[in-house]
Amino acid sequence: MERLNIYHRHYGRWEGRISRGKKNGKRKFQYVLARTKEQCIEKMTAIRQSEHPQGKCLKTISELFNEWHCSILHRVKESTAANYTMKADKHILPVFGNKTVSAIVQEDIYAFISAKQKAGLSMRYIADIVILMKTIFKYAVRIYHIFNPMDGIILPKKKSPEIQLLDDAEQKQLQKYVSEHQNRSTLGVALSMSTGIRIGELCALQWKDIDLEKRILTVSKTMQRIQCPTEYTKTKLIITDPKSESSHRSIPIPDCMMSFLHKFKGKSDDYILTGNEKPIEPRAMQYRFRTILKNGKLPSVHFHALRHIFASTCIKLGFDVKALSELLGHSSVEITLNRYVHSFFEQKREYMKRLKLDF
C-alpha cells in the first residue's frame with residue numbers, strides 16, 4: 001500500500017495527500033482535510049478502500065488468532081508464544097474474539113485503545129497489544145487478501161515511566177549493608193550492581209558460567225515464569241535463551257566482586273543464588289531484595305533499579321557508551337542512552353563551568 005502523506009497545517013487542520021500520478025511531468029494530488037490526524041487517516045483509508053476493493057474473511061478474530069499462533073510456533077521462543085497468548089486472552093479476544101475479521105474497522109481499534117487507557121494501562125503496554133494486533137492482521141492480509149484496518153493506526157505518545165532509583169547516599173548505604181551481611185541473596189544484589197545483569201539472567205546463573213581464573217561472567221540463558229493454559233498448571237518456570245542475540249555476552253568481573261564470589265564458590269551445576277542444583281525464580285529474588293532494602297532502612301525500589309544504577313555509575317566513571325551497551329546486552333547504543341543513562345544536575349553544573357565566553 002502507498003504511504004500516507006499527512007501534514008499539520010498552520011491553521012490547525014490536518015491535510016492528507018493522495019497521489020494521482022503525473023500530468024505534464026508534474027505530480028497531482030487529491031487533498032483531504034480533517035480536524036484531527038486520526039480523522040484524516042480514516043478519510044484517506046476509506047477512499048483507498050473504495051478504489052481498491054479487497055477480499056473478505058468471515059473467520060472470527062479468535063479463529064484468526066489461533067491460526068496465526070500455530071503458524072509462528074516453530075520460529076519463536078516458548079516464552080514469546082506464551083506472551084502472545086496471554087495478551088490475546090486477556091485483552092484482544094474478550095473485545096474482538098467473536099467478530100469476523102472483515103467486520104473490524106478503524107473506529108473499533110481507536111475505541112479499544114481509548115478503553116485500555118481509561119482502564120489505567122500504560123501506553124507502553126497498550127502499544128505492545130496493538131503491535132500484536134498489527135502482526136495478526138498482516139497475516140490476514142497475506143493469506144486472505146483483506147483490507148487491513150490497522151494501517152495508519154496512530155497511538156498516543158508514550159510517556160517514559162519515572163524510574164525510582166536510589167540516590168548516591170542510599171547506594172552507599174546499600175553497598176555497606178551488602179558488605180556487612182554477605183549471603184547468597186546479597187551476592188545476587190552485588191552482582192547486579194557491579195555487572196548490570198537482568199534478574200532473570202541472575203537467577204539462571206550457575207557456577208559454570210563464572211570463570212574466576214579468567215574473571216569472566218558469561219550470560220547464555222535467562223529464567224522466567226510463563227503462562228501455560230493448555231497444561232495442568234497455569235504457569236511454569238522455564239530457563240531459555242536470553243532476551244535477544246545481543247544479550248548473549250561475556251562480562252569482565254570487577255575486582256570488587258572477586259572475594260565475594262570465592263567465598264560462595266560451588267559446584268559447576270549449582271546455581272549462584274541457591275548453592276545447589278535447584279534455582280530460585282525471579283519473583284522470589286525480588287521478594288528477597290525487598291527484605292534487604294527494608295532491613296537496610298532503604299526505600300523500596302524494583303530489582304531492575306540495580307541495572308539502572310550500574311549503567312549510570314558507568315557513565316559517571318567515563319565508560320564508553322558503546323562498551324556499556326555491549327555490557328548491558330543491548331542491540332543498539334540508542335537503547336542504552338534512552339533507557340539507562342540518566343542526567344545529573346551536578347554533572348550539568350560541572351559541564352557549564354567549562355563554558356568560557358568573553359563578555
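Helices, as the term is used here, are DSSP runs of H or I at least four residues long, and strands are E runs of at least two, both numbered from the N terminus. The model is a predicted one, and with those labels in hand its empty spaces can be assigned to the elements around them.

Start with the second largest pocket, which holds about 630 Å³ of space. Its lining takes in 25 residues, and those lying nearest the centre are Gln175, Ala190, Met193, Ser194 and Cys256. Several elements share the job of building this wall: α6 (168-180), α7 (184-195), α9 (258-264) and α11 (305-316) on the helical side, plus the strand β8 (249-252), each supply at least two residues. The largest share is that of α6, with six residues. In terms of chemistry, the lining of this pocket splits into 15 nonpolar, seven polar and three charged residues.

The strand β8 that helps line the pocket also belongs to a sheet. That sheet is open and has three strands in the order β4-β5-β8, with antiparallel pairing. Both β4 (210-211) and β8 sit at the edges with a single partner strand apiece, so one side of each has no neighbour in the sheet. As a general point, side chains in a regular strand alternate between the two faces of the sheet. Between β4 and β5 (residues 216-219), two bridges make the antiparallel connection, and Asp211 has Ile216 of β5 as its bridge partner. The loop between β4 and β5 holds Arg215, whose phi is near 60°, a positive value in a residue other than glycine. Arg215 is partly exposed, at a relative accessible area of 36%.

Elsewhere, β1 (residues 5-8) and β2 (residues 14-23) pair up over four bridges, also in the antiparallel sense. Within that pair, Ile6 stands opposite Gly16 of β2. The hairpin has five residues between its strands, and there Gly12 takes a positive phi near 105°.

What about fully enclosed space? Rolling a probe the size of a water molecule over the atoms shows where empty space is left. Searching the whole structure turns up one cavity of 30 Å³ or more, with about 50 Å³ of space in it. Its walls are made by Ile61, Ile92, Phe96, Met133, Ile136 and Phe137. Two helices, α3 (78-96) and α5 (123-144), give two or more residues to this lining, and the largest share, three residues, comes from α5. By class, the cavity lining comes out as six nonpolar residues, no polar and no charged.

Helix α5 deserves a look of its own. For its 22 residues, 1.5 Å a residue gives an expected span of 32 Å, and the end C-alpha atoms lie 30 Å apart, which agrees. Its buried residues are Met123, Ile126, Ala127, Ile129, Val130, Leu132, Met133, Ile136, Phe137, Tyr139 and Ala140. The cover over these buried residues includes α2 (61-72), α3 and α4 (106-118).

One of those covering helices, α4, has 13 residues and reaches 19 Å from its first C-alpha to its last, close to the 18 Å expected. Buried residues in α4 are Gln106, Asp108, Ile109, Tyr110, Phe112, Ile113 and Lys116. After α4 comes Gly120, with a positive phi near 95°.

The end of α5 has its own backbone feature: just after the helix, His145 takes a positive phi of about 55°. Most residues other than glycine have a negative phi, and His145 is not a glycine. His145 is placed in the loop between α5 and α6. With a relative accessible area of 53%, His145 counts as exposed, the cut-off being over 50%.

Ser325, in helix α12 (residues 321-328), sits at the other end of the accessibility scale. Its relative accessibility is 3%, so Ser325 counts as buried, the limit being under 20%. Leaving aside residues up to four places away in sequence, Ser325 touches His330, Ser332, Val333 and Thr336.

Notes. Residues numbered from 1 in each chain as written. Predicted model: local features only at pLDDT ≥ 70, side-chain atom pairs only at ≥ 80, totals over all residues. Heavy atoms only, no water. 1 Å grid on protein atoms, 1.4 Å probe; cavity = no way out; pocket = protein on both sides within 12 Å on 5 of 7 lines; lining within 4 Å. Points joined across faces, edges and corners; volume = space filled by probe spheres on them. Nonpolar A, V, L, I, M, F, W, Y, C, P; charged D, E, K, R; others polar. Pairing = 2+ DSSP bridges. Expected span 1.5 Å × (residues − 1). Buried < 20%, exposed > 50% of the residue type's maximum accessible area, 1.4 Å probe, protein only. Contact = heavy atoms within 4.5 Å.
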